[in-house]
Amino acid sequence: EYIPLQTPDDLPVDVLLTVKMSSDNIFVMDRQQKLYRFDMQGRFLNLIGSRGEGPQEYISAVDFEVDEDRDVVYLFDIYRKKIKSYRMSGTFMGDISVPDGVESIALLDTSSFIGYKPWYASVDKSDQCIFFDDAAVVHDTVDFRRNGDVKEVKIDLLRMPDFNQVSSQSRFRMPFAPDIYMISDNNEVRKDVGFEMGKYLLPIEVSMNNELYNKNLDSSYIFELNANRFSDFIYMNFFYQKKRYRVVYDVRHAKFYTVFVGRELQGVKNDLDGGATFWPMWFSPNRMIGVLSAEELDETDVNDKTKGVYDTFKDFDNPILQIGHRVY
């Protein structure tokens, strides 16, 4: 399924950073940190918030969450350490304070959040997941302590946790660690998937220092690993020896499959309709969303049937969403 994003001529969508979908709306944040809302046909509805220094604006948005049941969109302004809450229509509702040291948040349920507090911001030097509500009251804290002397053995995982909401559970990965955890709605934590990264170990001194980072780009270290799970497969992006990699990990059979190696990112060969390659940016239990740029419409060699579909998008310069549905 293809959905072109349609906006007024004076409001083009830049390169997409985040895509999320509810039952009736599509939300995207682009490189300019504009947060757009579209209907399910891709028709523009409104912007949510805006960048600026005013009380209803945000300075540096790093992510957003959608609470469909309450008609609320939460946007994390990491500069101000506040969660800005808006109606889906764009109306500002108020601020939610974030506990000290939290650098990433995810919505746990209709009134609770998970906040990640890295080890370097905590007194006892342990990573923490902090559970707090929309009144900024902390209800629980889960510590992830490091065993033994692991100073020289860390894995660079974007330096931030990667939260992924799946039904009543939140899947997340701790930075500098190879494990993916699950948190249920009663705050129970269990390990979901663990990786043996082998040669991809990265000393923390390298990952936290830009000069050393650049010097080691052609080493045997892996950089900027990002992983998301869909069914029994984990989709991973990473940077290795000055090349981009895309790899799929089959959890059931414990096997890695290399999808792409090179400088210009490509995705999985699209055998469904002969269209452009597909790589997911957003996951739900039954859908994945990829993004197709306007340039790829002209550059991709497709069959006649798909070419007819692409021709209907020629008037759109915005990105086009590719929706992959899971068949049970």
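1. Secondary structure. The protein, which is seen here as a predicted model, has a secondary structure that comes to 4 helices and 24 strands. Of its 328 residues, 49% count as buried, and among contacts between residues at least 6 apart in sequence, 41% join residues at least 24 apart.

2. The largest nonpolar core. This core has 15 residues, and those with the most contacts inside it are Leu16, Val19, Ile26, Val28, Phe38, Ile289 and Leu321. At least two residues of the core are supplied by each of the strands β2 (16-21), β3 (25-30), β4 (35-39) and β24 (320-325), and the largest share, 3 residues, comes from β2. If neighbours within four places in sequence are left aside, leucine 16 is in contact with Leu5, Val28, Met29, Asp30, Met281, Val291, Pro319 and Leu321.

3. Another core. Apart from the largest core lies another one, of 12 residues, which include Tyr74, Ile96, Val102 and Phe132. Two of these residues return below, Phe132 in a ring pair and Tyr74 in a strand pairing.

4. Aromatic pairs. A search of the whole structure finds 11 aromatic pairs. One of them joins phenylalanine 113 and phenylalanine 132, whose ring centres are 5.5 Å apart; the planes stand at 20 degrees, under the 30 degrees that is the cut-off for stacking, and the pair is therefore stacked. The pair links distant parts of the chain, since phenylalanine 113 belongs to strand β11 (residues 112-117) and phenylalanine 132 to strand β12 (residues 127-133), with their positions 19 residues apart in the count along the chain. Phenylalanine 113 counts as buried at 0% relative accessibility, and phenylalanine 132 is buried with a relative accessible area of 0%.

5. A second stacked pair. The rings of phenylalanine 238 and tyrosine 245 have centres 5.2 Å apart and planes at 10 degrees, so this pair is stacked as well. Phenylalanine 238 has a relative accessible area of 6% and is buried, while tyrosine 245, at 18% relative accessibility, counts as buried because the cut-off is under 20%.

6. Further ring contacts. Ring pairs also link Tyr36, Phe38 and Phe44 into a cluster, and Phe38 is named among the residues with the most contacts inside the largest core. Elsewhere, lysine 20 lies over the face of phenylalanine 64, at 4.9 Å from the ring centre.

7. Asparagine 46. This residue has its place in strand β5 (residues 44-47) and is buried, with a relative accessible area of 11%. Its side chain reaches two backbone oxygens, that of methionine 88 at 3.0 Å and that of serine 89 at 3.3 Å. With neighbours within four places in sequence left aside, asparagine 46 is in contact with Leu35, Tyr36, Arg37, Met88, Ser89 and Gly90; of these, Tyr36 also belongs to the ring cluster with Phe38 and Phe44.

8. The β6 and β7 hairpin. Strand β6 (residues 61-67) and strand β7 (residues 72-77) pair in the antiparallel sense over 6 bridges, and the bridge partner of glutamate 65 is tyrosine 74 in β7. The two strands form a hairpin with 4 residues between them, and aspartate 71, which lies in the turn, has a positive phi of about 60 degrees. Tyrosine 74 is also named among the members of the core of 12 residues.

Key. Residues numbered from 1 in each chain as written. Predicted model: local features only at pLDDT ≥ 70, side-chain atom pairs only at ≥ 80, totals over all residues. Heavy atoms only, no water. Phe/Tyr/Trp six-rings, centres within 6.5 Å; stacked < 30°, edge-to-face > 60°. Buried < 20%, exposed > 50% of the residue type's maximum accessible area, 1.4 Å probe, protein only. Lys NZ or Arg CZ within 6 Å of the ring centre and 35° of its normal. Core = buried A, V, L, I, M, F, W, Y, C linked by side-chain atoms within 4.5 Å. Contact = heavy atoms within 4.5 Å. Polar contact = N/O pair within 3.5 Å; in protein donor to acceptor, adjacent residues only side chain to side chain. Pairing = 2+ DSSP bridges.
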